[in-house]
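Thanks for making time. I will go through a few helix contacts, some aromatic rings and two residues on the outside.

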Amino acid sequence: MPATVIDALVVTLGLDKSKFEQGEREANKGIKKTKESALKAGKDMEAAGKQAAVFFSKLRNEAIMFVGALAGAAGIKSFTTNMVGAARGVGFTSQALDVGIRRLQAWQTAARMVGASASDMNAQLTESQNAVAMMRRGLLAPGVQEFFARGGQGNVQTMTAEQYLQARISVLQQIRARDGSVSDQRLAAQQMGLSDSLFNLFRKGNTAIGQMLVQAGKVDRFTKE
């Protein structure tokens, strides 16, 4: 309370001024202690908040590392499972087509190089195998007549699936050598039973494809032949 107000009350009411001053001092002390306590409590809370932030930050980082470890382990397991499955798949297909594993992988890789897929190549070799099997039974397989009509050579009955495929690729080379257009080669390929998705591979010719197979065999293998 301001001193002028206290003095006025003392004069008016005849009060003891010293008691007012003592009360004021005690009140100021109380306010000071309260302020100090509040400041201390605020500092304690701030320190506790910082400790909590550090704790939760560490907890979050450890959780992220733990989840990452789990994901990594799952990824490795998935990768291994996929690799084993792929190797088995190539092995089974190789046996069914009577083509060596590394040779089949090389054909599949060559197909991927021109934007096709391993499945496309598997289907093409299966088509070749079926055509040869039909010819051995005295049946005219689709595309065989066109193969001979366009200058194809060889006894299809004695060929393997891969050899019959390469014989048809040779026909495409002959058409190209006669200044045949890409559209002529493509039409011939379709009529002989060659996949349109693999046309960009077949039109390269057996020499270029052979080089691709050699290169692919060096870098794309699951197991020994």
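When I say helix, I mean a DSSP run of H or I that is at least four residues long, and the helices are numbered from the N terminus. By that rule V214 lies in helix α9, which covers residues 206-219. Please keep in mind that this is a predicted model.

Let me stay with V214 for a moment. Is V214 buried or exposed? V214 has a relative accessible area of 52%, and the cut-off for exposed is over 50%, so V214 is exposed. There is also a long-range point here: V214 and R103 are separated by 111 residues in sequence, yet their C-alpha atoms are 8.9 Å apart in space.

Now the helix packing. Two packed helices are described by the angle between their axes and the distance between the axes. I will take three pairs in order along the chain.

The first pair on my list is α3, residues 101-113, with helix α4, residues 118-136. Their axes come within 8 Å and cross at roughly 125 degrees. What does that make α3 and α4 to each other? Oblique, because roughly 125 degrees falls between the perpendicular range, which ends at 115, and the antiparallel one, which starts over 145. The crossing of α3 past α4 is right-handed. On the α3 side, the contact is made by L104, W107, Q108, A111 and R112, and on the α4 side by A118, M121, N122 and L125. Sorted by class, the contact of α3 with α4 has 6 nonpolar, 2 polar and 1 charged residues.

Next, α4 with α6. These axes also come within 8 Å, with a crossing angle of roughly 100 degrees. The two helices, α4 and α6, are therefore roughly perpendicular to each other. From α4, the residues in contact are Q124, L125, E127, S128, Q129, A131 and V132, and they meet A161, E162, Y164, L165 and R168 in α6. The contact of α4 with α6 divides into 6 nonpolar, 3 polar and 3 charged residues. Note L125, which is listed in the contact with α3 and again in the contact with α6.

The last pair is α6, residues 161-177, with helix α7, residues 182-191. The axes of α6 and α7 come within 9 Å and cross at roughly 155 degrees. That angle is over 145, so α6 and α7 are roughly antiparallel. α6 passes α7 in a right-handed crossing. L172, I175 and R176 of α6 meet D184, Q185, A188 and A189 of α7. By class, the contact of α6 with α7 has 4 nonpolar, 1 polar and 2 charged residues.

On to the aromatic rings. How many aromatic pairs does the structure hold? There are 2. One of them is F147 with Y164, an edge-to-face pair at 5.6 Å centre to centre, with 85 degrees between the planes. F147 lies in helix α5, residues 144-149, and Y164 in helix α6, so the pair ties together parts that are 17 residues apart in sequence. Both F147 and Y164 are buried. Ring pairs link F147, F148 and Y164 into a cluster.

Finally, a backbone detail. Most residues other than glycine have a negative phi. D98 has a positive phi, near 60 degrees. D98 is found in the loop between α2 and α3, and at 64% relative accessibility D98 counts as exposed.

How values were computed: Residues are numbered from 1 along each chain as its sequence is written. This is a predicted model: local features need pLDDT of at least 70, side-chain atom pairs count only at pLDDT 80 or more; totals for chains, interfaces and linings use all residues. Side-chain values use heavy atoms; hydrogens and water are left out. Axes are lines fitted to C-alpha atoms, for helices over the stretch in contact, and angles run from 0 to 180 degrees between N-to-C directions. Angles under 35 degrees count as roughly parallel, over 145 as roughly antiparallel, 65 to 115 as roughly perpendicular and the rest as oblique. A crossing is left-handed if the near helix is turned anticlockwise from the far one by less than a right angle, and right-handed if clockwise. Contact means heavy atoms within 4.5 Å. Ala, Val, Leu, Ile, Met, Phe, Trp, Tyr, Cys and Pro count as nonpolar, Asp, Glu, Lys and Arg as charged, and the others, Gly among them, as polar. Rings of Phe, Tyr and Trp (its six-membered ring) pair if their centres lie within 6.5 Å; planes under 30 degrees apart count as stacked, over 60 as edge-to-face and the rest as tilted. Buried means under 20% relative accessible area, exposed over 50%, partly exposed in between (1.4 Å probe, protein chains only).
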